[in-house]
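Got your viewer open? Load the model, pick a cartoon view, and keep the selection box handy.

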Amino acid sequence: SKQDKLRVLAAIHPLRVAFFVRKDSDIKTLADLKGKRVPLGFSAMGTIDAVVRAKLAAAGLSEKDVKPVMVPNVVRSADDFLSGAADARIPDQFADE
């Protein structure tokens, strides 16, 4: 519905989401994630899941184009990346700065 009595004053904090891959990976662009193991779900971080799906869509991809690795949060995303269960990871924007 239309919210004509509301307005945005300021963004509280920017949400920067990127995919990290190994330096020696053949993944160079978002489109290269096709067929790769990509963290999705983020059941404890719904905003992150929405942004990840939007980034995939910007590259013309969807969940059907990647091998989803279902994770609850960015910590598990990092664990799966480090263990080799995922080809990319979503960093925690505060811990990785």
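Here is a walk through the fold, the core and the charged pairs, one selection at a time.

**Stop 1: the whole chain**

Start by colouring by confidence, since this is a predicted model. The mean pLDDT of the protein chain is 87, and 87% of its residues reach 70 or more. Confidence is lowest in H1, at a mean of 89, and highest in E2, at 97.

Now switch to colouring by secondary structure. You should find two helices and two strands, which follow the pattern β-α-β-α as you read along the sequence. Of the 97 residues in the protein chain, 30% are buried. If you like contact maps, try this one: among contacts between residues at least 6 apart in sequence, 71% join residues at least 24 apart.

**Stop 2: the two strands**

Select residues 37-41, which are strand E1, and residues 67-71, which are strand E2. In which sense do these strands pair? They run parallel, with five bridges between them. Show Pro39 and look across to E2, where Val69 stands opposite. Then add residues 46-58 to the selection: this is helix H1, and the chain passes through H1 on its way from E1 to E2, making a right-handed β-α-β crossover.

**Stop 3: Phe42**

Next, select Phe42, in the loop between E1 and H1. What sort of phi does Phe42 have? A positive one, about 40 degrees, although Phe42 is not a glycine. Turn on a surface and try to spot this residue: Phe42 has a relative accessible area of 1%, so it counts as buried, the cut-off being under 20%.

**Stop 4: the nonpolar core**

Phe42 also leads you into the largest nonpolar core, which has 18 residues. Select Phe19, Leu33, Phe42, Val52, Leu56 and Ile90, the members that touch the most other members. Which elements give two or more residues to this core? They are E1, H1 and E2, and H1 gives the most, with three residues. As a general point, nonpolar side chains tend to be buried together in soluble globular proteins.

Centre on Phe19 and show its neighbours. Leaving aside residues up to four places away in sequence, Phe19 touches Leu30, Leu33, Val38, Val52, Lys55, Leu56, Ala88, Arg89 and Ile90.

**Stop 5: charged pairs**

Time for the charges. How many salt bridges does a search of the whole structure find? Five. In general, side chains of opposite charge can pair when their charged atoms come close.

Try Lys36 and Asp26 to begin with: their side chains meet in a salt bridge, at 3.4 Å from N to O. Both Lys36 and Asp26 lie in the segment before E1, so the pair ties together parts that are ten residues apart in sequence. Asp26 is exposed, with a relative accessible area of 52%.

Move to H1 and select Arg53 and Asp49. This salt bridge has an N to O distance of 2.8 Å. The two residues are separated by about one helical turn, because they sit four residues apart in helix H1. Is each partner buried or exposed? Arg53 is partly exposed at 31% relative accessible area, whereas Asp49 counts as buried at 13%.

**Stop 6: Asp80 in the second helix**

Go to residues 74-83, helix H2, and pick Asp80. Asp80 forms a salt bridge with Arg76, with the closest N and O atoms 3.1 Å apart. Both lie in H2, four residues apart, which is about one turn of the helix. Asp80 is buried, with a relative accessible area of 9%, while Arg76 is partly exposed at 39%. Before you leave the charges, add Glu63 to Asp49 and Arg53: salt bridges that share partners join these three into one network.

Back at Asp80, show its contacts. Not counting residues up to four places away in sequence, Asp80 touches Val69, Val71, Ala85 and Ala86. You have met Val69 already, opposite Pro39.

**Stop 7: the segment after H2**

Finish with Pro91, in the segment after H2. Pro91 is buried, with a relative accessible area of 12%. Draw a distance from its C-alpha to that of Ala78: the two are 13 residues apart in sequence and 7.0 Å apart in space.

Key:
Residues numbered from 1 in each chain as written. Predicted model: local features only at pLDDT ≥ 70, side-chain atom pairs only at ≥ 80, totals over all residues. Heavy atoms only, no water. Pairing = 2+ DSSP bridges. Right-handed = clockwise from strand over helix to strand, strands pointing away. Contact = heavy atoms within 4.5 Å. Buried < 20%, exposed > 50% of the residue type's maximum accessible area, 1.4 Å probe, protein only. Core = buried A, V, L, I, M, F, W, Y, C linked by side-chain atoms within 4.5 Å. Salt bridge = Lys/Arg side-chain N within 4 Å of Asp/Glu carboxyl O. pLDDT = per-residue confidence, 0-100.
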